[in-house]
Amino acid sequence: MDPNFTKNRQVAGEHAGHAVWGPVNPPQLLGIHGTYVAVDFDICVADGACIEACPVNVYEWFETPGHPASEKKADPAREADCIFCLACETVCPPMAIKITKRS
Ligand code: F3S
Ligand code: F3S
Ligand code: ZN
């Protein structure tokens, strides 16, 4: 995913307490969920390795019926709990995740 998404995209809305970076046009185009723990829903293929790797249970499955890449996504539901270990970013096969340490 684009590591400069906060510059190249705009916040299109909110979901479960985190930002959604557009463009968004559901069900085909879902944007990036989260800011510090950012998951590009349009790249995520529901591999699930991120959910297993996260030691503090940041992620939750979110159903996305009708999306061309996969019908569920790893949603950063507890983004504020992230300890920035980078495990999720490292294990994601399609590189759908970008972790940015809070300054
Ligand atoms: Fe969890 Fe570490 Fe990612 S705390 S959200 S696996 S950076
Ligand atoms: Fe999706 Fe990558 Fe996790 S494909 S479910 S963000 S490991
Ligand atoms: Zn979300």
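Q: Where is the place of P27?
A: This is a predicted model, so take what follows as a look at computed coordinates. A cis peptide bond joins P26 and P27, with omega at about 5°. As for its place in the chain, P27 sits in the loop between β2 and β3.

Q: Which residue does G22 join through a cis peptide bond?
A: Most peptide bonds are trans. The bond that starts at G22 is cis, with omega near 5°. The partner sits in the loop between β2 (18–21) and β3. That partner is P23.

Q: Which protein residues are the donors of the zinc ion (ligand 3)?
A: The donor atoms lie 1.9 to 2.2 Å from the zinc ion. Along the sequence, the donor residues follow the spacing H-x2-H-x14-H-x41-D. Put names to that and you get H15 (ND1), H18 (NE2), H33 (ND1) and D75 (OD).

Q: What arrangement do the four donor atoms make around the zinc ion (ligand 3)?
A: To count as tetrahedral, four donors need all angles between 85 and 135 degrees. Here the angles run from 101 to 120°, so the arrangement is tetrahedral.

Q: How many residues apart in sequence are the parts that H33 and D75 tie together?
A: H33 lies in strand β3 (residues 32–33), while D75 lies in strand β6 (residues 72–75). H33 and D75 are both buried. Since the two sit in those strands, the pair ties together parts whose separation in sequence is 42 residues.

Q: Which residues are the closest to ligand 1?
A: The shell around ligand 1 holds 13 nonpolar residues, with no polar and no charged ones. In total, 13 residues surround the ligand. The closest are C54, I83, C85, L86 and C88.

Q: How many charged residues does the shell around ligand 2 have?
A: Around ligand 2 you'll find C44, V45, A46, D47, G48, A49, C50, W61, A74, C92, P94 and I97. Sorted by class, that shell has 10 nonpolar residues and one polar residue. The charged count is one.

Q: Is C44 buried or exposed?
A: C44 lies in the loop between β4 (37–40) and α2 (49–53). Leaving out residues up to four places away in sequence, it touches V39, A69, S70, K72, K73, A74 and A96. The cut-off for buried is under 20% relative accessible area. C44 has 7%, so it is buried.

Q: What is phi of A46 near?
A: A46 is placed in the loop between β4 and α2. Most residues other than glycine have a negative phi. A46 is a residue other than glycine with a positive value, near 65°.

Q: Is M95 buried or exposed?
A: M95 is in the loop between α3 (87–91) and β7 (97–99). Its phi is positive, near 55°, in a residue other than glycine. With a relative accessible area of 58%, M95 is exposed.

Q: What pattern does the protein follow, read along the sequence?
A: The parts list is three helices and seven strands. Read along the sequence, they come in the pattern α-β-β-β-β-α-β-β-α-β.

Q: What radius of gyration does the protein have?
A: The C-alpha atoms fill a box of roughly 30 × 25 × 20 Å along the principal axes. Buried residues make up 37% of the 103 residues. For 103 residues, a compact globule would have a radius of gyration near 13 Å. The protein agrees with that, at 12 Å.

Technical notes
Residues are numbered from 1 along each chain as its sequence is written. Chains are lettered from A and ligands numbered from 1 in the order in which they are written. This is a predicted model: local features need pLDDT of at least 70, side-chain atom pairs count only at pLDDT 80 or more; totals for chains, interfaces and linings use all residues. Side-chain values use heavy atoms; hydrogens and water are left out. A residue is near a molecule or strand if one of its heavy atoms lies within 4 Å of it. Ala, Val, Leu, Ile, Met, Phe, Trp, Tyr, Cys and Pro count as nonpolar, Asp, Glu, Lys and Arg as charged, and the others, Gly among them, as polar. Donors are N, O and S atoms within 2.8 Å of the metal (3.2 Å for Na, K and Ca); water is not among the atoms, so sites may look incomplete. Four donors count as tetrahedral if all angles lie between 85 and 135 degrees; four count as square planar and six as octahedral if opposite donors are over 155 degrees apart and all others between 65 and 115; anything else is irregular. Helices (H or I, at least four residues) and strands (E, at least two) are DSSP runs, numbered from the N terminus. Buried means under 20% relative accessible area, exposed over 50%, partly exposed in between (1.4 Å probe, protein chains only). The radius of gyration is taken over C-alpha atoms; the globule rule is 2.2 Å times the number of residues to the power 0.38. Contact means heavy atoms within 4.5 Å.
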